[in-house]
Amino acid sequence: MDSVGLEERVRPLIEEILDTGPIFLVDFSVRGSRGSHAVDIFIESDHALGVNQLAELSREIGFLLDTGDIMPGPYTLNVSTPGADRPLRLPRQYRKHLGRTLRVHYRKNEDACTEICGELIVAEDSSIQIQNGKRAIEILHDDIQWAKVQLPW
């Protein structure tokens with residue numbers, strides 16, 4: 001089975017475990033070939049997410065993958081948070097970063113893209129607002145190409 005077919009079988013298991021709680025799926029992939037697949041799962045939470053929670057989720061997901069005979073042969077399972085180097089993907093992620101500095105690359109109009117760096121002051125389901133100096137810019141989530149948290153150092 002190819003990686004795309006495996007992703008279609010793995011996704012429902014992950015979503016079943018996470019369901020409607022404070023922990024949610026940001027991204028995942030299945031890569032490699034039979035006998036050497038790697039399942040990478042990136043999760044986030046509305047609250048602080050500790051190592052113990054990540055370990056528990058990894059055990060639950062691994063158990064379901066093993067007992068459901070989902071993966072053909074040996075595989076590696078990686079469950080982690082996205083980390084600061086990965087772009088924010090979901091509107092739900094932005095709320096956790098209120099008050100932090102973001103670099104946002106977005107469509108300003110149909111053809112042109114631009115970039116802004118500033119403090120995230122509003123994070124709603126449909127848009128965000130970035131304070132850059134004295135002005136605040138509202139950006140629709142649909143217009144965001146990528147956004148990354150800027151580390152203070």
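**View 1. H97 and its surroundings.** Setting aside neighbours within four places in sequence, H97 touches L88, L120 and V149, a contact being heavy atoms within 4.5 Å. This is a predicted model, in which local features need pLDDT of at least 70 and side-chain atom pairs count only at pLDDT 80 or more, while totals for chains, interfaces and linings use all residues. Residues are numbered from 1 along each chain as its sequence is written, and side-chain values use heavy atoms, leaving out hydrogens and water. You will find H97 in the loop between α3 (91–94) and β4; helices (H or I, at least four residues) and strands (E, at least two) are DSSP runs numbered from the N terminus. H97 counts as buried because its relative accessibility is 10%, where buried means under 20% relative accessible area, exposed over 50% and partly exposed in between (1.4 Å probe, protein chains only). The C-alpha atoms of H97 and E119 are 9.3 Å apart in space, and the two residues are 22 apart in sequence.

**View 2. H97 again, now at the largest pocket.** The lining of this pocket takes in 20 residues. Those nearest its centre are E44, G83, A84, H97 and R100. A pocket here is an open set of points on a 1 Å grid over the protein atoms alone, where a 1.4 Å probe fits, with protein on both sides within 12 Å along at least five of seven lines; lining residues have an atom within 4 Å of a point.

**View 3. The five-stranded sheet.** Five strands make up an open, antiparallel sheet, ordered β7-β6-β5-β4-β8; two strands pair if DSSP finds at least two bridges between them. At the edges sit β7 (135–140) and β8 (144–149), each pairing on one side only. From one strand to the next, the twist averages 40°, with axes fitted to C-alpha atoms (for helices, over the stretch in contact) and angles from 0 to 180 degrees between N-to-C directions.

**View 4. Strand β4 between its two partners, β8 and β5.** On one side, β4 (residues 101–107) runs antiparallel to β8, with 5 bridges between the two. On the other, 7 bridges link β4 to β5 (residues 113–123), also in the antiparallel sense. A hairpin is formed by β4 and β5, with 5 residues between them. H105 makes a handy landmark: its bridge partner in β8 is W146, and its partner in β5 is E115. Further along β4, R103 is placed opposite K148 of β8. In a regular strand, side chains alternate between the two faces of the sheet. The covered face of β4 holds L102, V104 and Y106, and the uncovered face holds T101, R103, H105 and R107.

**View 5. The three-stranded sheet and α2.** This open sheet has 3 strands in the order β1-β2-β3, with mixed pairing. Since β1 (23–31) and β3 are edge strands with a single partner each, one side of each has no neighbour in the sheet. Here the strand-to-strand twist averages 15°. The pairing of β2 (residues 37–45) with β3 is parallel and spans 6 bridges; D40 has N78 of β3 as its bridge partner. Helix α2 lies across β1, β2 and β3, running at about 145° to β3.

**View 6. D69, in the loop after α2.** The loop holding D69 joins α2 (51–67) to β3 (75–80). What is the phi of D69? It is near 50°, a positive value in a residue other than glycine. Is D69 buried or exposed? D69 is exposed, because its relative accessible area is 59%.
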